[in-house]
Amino acid sequence: MRYLYAFFVYASLATPVYAGQVAYAVHSTEIKKQPFSDAATVATLKEDASVNIVSRQGGWTNITSESGNGWVRMLSLRSDSTAEKQGDTGLKTLLNVGRSGSSGTTVATGVRGLSEEDLKNAKPNPQELEKLKNYAVDKAQAEKFARDAKLKPQKLDYLPADGKP
Amino acid sequence: MLIRALLFFGLCFQFSFPALAFDFDFNKALDFAKKAQQATKTIGEPEEIEIGDGIAANLLGASSLLADNRANQYVNRVGRWLSIHTERPDLPWKFGILESSDINAFATPGGTIFITRGLLQRMNNESELAGVLAHEMVHVLRKHHLTALQKGARMDIASELANQTLKNKGDPAVMDKAIKAGTEVYARGLDKNDEFEADRMGIVIASRAGYDPYGLPAVLQILEAINAKDSSLALMFKTHPAPQDRLSLLDKIMSKGFDAYPAPTQTDQRFNSEIALRK
C-alpha cells in the first residue's frame, strides 16, 4: 500500500510519463500548428525522424524536432528503441529467489504472484471472490457516476477488421 | 471435433458389438458427437459465469485484491458504465484491482475484469483506465477465453461440458476440470487476432461511453516505452502481440473520425482524487 501511494503521489506531482520521452516517426506525417486535422501544417516530419515529446491531447502529441515544433498524430510516433527505456532489464527475474511454494506467497521482493508458473499452480481463493462480488455496482450507480463527470454517450459502430475506417 | 468423435465411437462399437447393436449405438454416438459440437458453439450463460467465477477465484489465489475499497469501487463504476455500451449489458460485471506490481489485466468469462496495481499506477487518467477495461471486456463479449478453453481442452472435457450444458445442471467435477483448463489459458495467452479484435472494439466502447478514444493507444505507448525485458511485463509480453504492432493496427483504423471525442476534464480530476492523489 505504501508503495502504491508513494508512487501515485510521485506520479501526480511529476509530469506525465510520456513527457520528455524521445520518439521517432514510424511514417512521414504532418506537423500541425494545433491538435486538429484541418489546422495549418508547420512542416513535414520524415519517416524515422527523431522527436521529443512535450505533451499529449486526445490523438495528438505535441513535439519538438529538427523539422519543426507542433502537433503530430500520436499514432505516427513510436518509442525510440535506441533510447534508454524505463524499467528493469529482466535481471530481477533471475534473482528472484525465496518463493514459498505455489501459493504465490512471497518472502522476497519483486515476486508478483502472476507469472506463468503462478497461474498454472494457482489455488482458488473463494473469500477474495466474495469480496470482488461485493464491489460490483448496478447500472443506476454507473449512470450517476457518468453524469457526475459529464460523460456524454456517443453513437458509434464497431470498426471493420480490414482497417478501413 | 465431430469427425474425431465419430471415428472414435465408430471404432469402439465396430470391434466390441455385433452388427445389430451397432446401428443403435451408432445413432447414440452420433447424437453425442452432435452435442459435443454444439458445446463448442454455445456454453450456456449460467455455465459461462460459473466457469468465469472459478477462474477468477484461481487468479485471486495467485494475487489477492488491493486492500483499498475506494479504488476498487472507482474501477467498478468506470467498468460498469462502459458495460452499458456493449452488447451484453446485463452480465454480472465486476472489476477488481490485483495487488501485484506486475503490469497486466485479465478478463474471465461471464464478466469479471482484473487490472493490476502495477498497470493502474502507470496510468494518467480515467480514459486510459477505460481503454484498458474496454479491451478486456471485449474478451468477455466475444467469448475469447471460452473458445480457447474448448480448442485447447482435451476431448473428454469438451464433451463432458457439452453434456453439462444440455442437462443445464453443473456437475462440480466437470466444472472443476473446465475451470482448471480455463485457468491455463491465462498462462498460454489468447490468439493474436483476439487481442487485435479487443483493441479494435475496445476503443469504440470507450468512445461510446464518452471517453477519449486514445486512452488505450496511450497506454500501449506507455508499455512500449518500458524496457521489453522488464520482468513486470514478462507475462503480458508473452501473451500479447508487441505494443508496436498493436499501435500500427490502431494507427490504420483511427486515422479518421476519432478526433471529436475529448473526455470531460471532470474525469481527470476524478482519477486524481480517487486514485492518484489518495493518501
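Helices here are DSSP runs of H or I with at least four residues, numbered from the N terminus. With that settled, a look at chain A of this predicted model turns up A:K150, which sits in the segment after α5 (139–148) of chain A. Its phi comes out near 60 degrees, a positive value in a residue other than glycine. Most residues other than glycine have a negative phi. A:K150 has 12 other C-beta atoms within 10 Å, and since 12 or fewer counts as exposed, A:K150 is exposed.

A:D48 tells a similar sort of story. The loop between β3 (41–45) and β4 (50–57) of chain A holds A:D48, and the phi of A:D48 is near 75 degrees, again positive in a residue other than glycine. A:D48 is exposed because just 10 other C-beta atoms lie within 10 Å.

Over to where the chains meet: the contact draws 87 residues from chain B and 68 residues from chain A. On the side of chain B that touches chain A, helix α3 (residues 45–62) of chain B chips in the largest share, with 9 residues. Sorted by class, that side of chain B comes to 36 nonpolar, 29 polar and 22 charged residues.

Chain B also has helix α9 (residues 172–188), a run of 17 residues. From first C-alpha to last, α9 of chain B reaches 25 Å, close to the 24 Å expected at 1.5 Å a residue. Buried residues in α9(B) include B:A178, B:I179, B:A181 and B:G182, along with B:T183, B:V185 and B:Y186. Right after α9(B) comes B:G189, with a positive phi near 95 degrees.

Notes: Residues are numbered from 1 along each chain as its sequence is written. Chains are lettered from A and ligands numbered from 1 in the order in which they are written. This is a predicted model: local features need pLDDT of at least 70, side-chain atom pairs count only at pLDDT 80 or more; totals for chains, interfaces and linings use all residues. Helices (H or I, at least four residues) and strands (E, at least two) are DSSP runs, numbered from the N terminus. A residue is buried if 20 or more other C-beta atoms lie within 10 Å of its own, exposed if 12 or fewer, and partly exposed in between; C-beta atoms are placed from the backbone. Two residues are in contact if their C-beta atoms, placed from the backbone, lie within 7 Å. Ala, Val, Leu, Ile, Met, Phe, Trp, Tyr, Cys and Pro count as nonpolar, Asp, Glu, Lys and Arg as charged, and the others, Gly among them, as polar. The expected span of a helix is 1.5 Å times one less than its number of residues.
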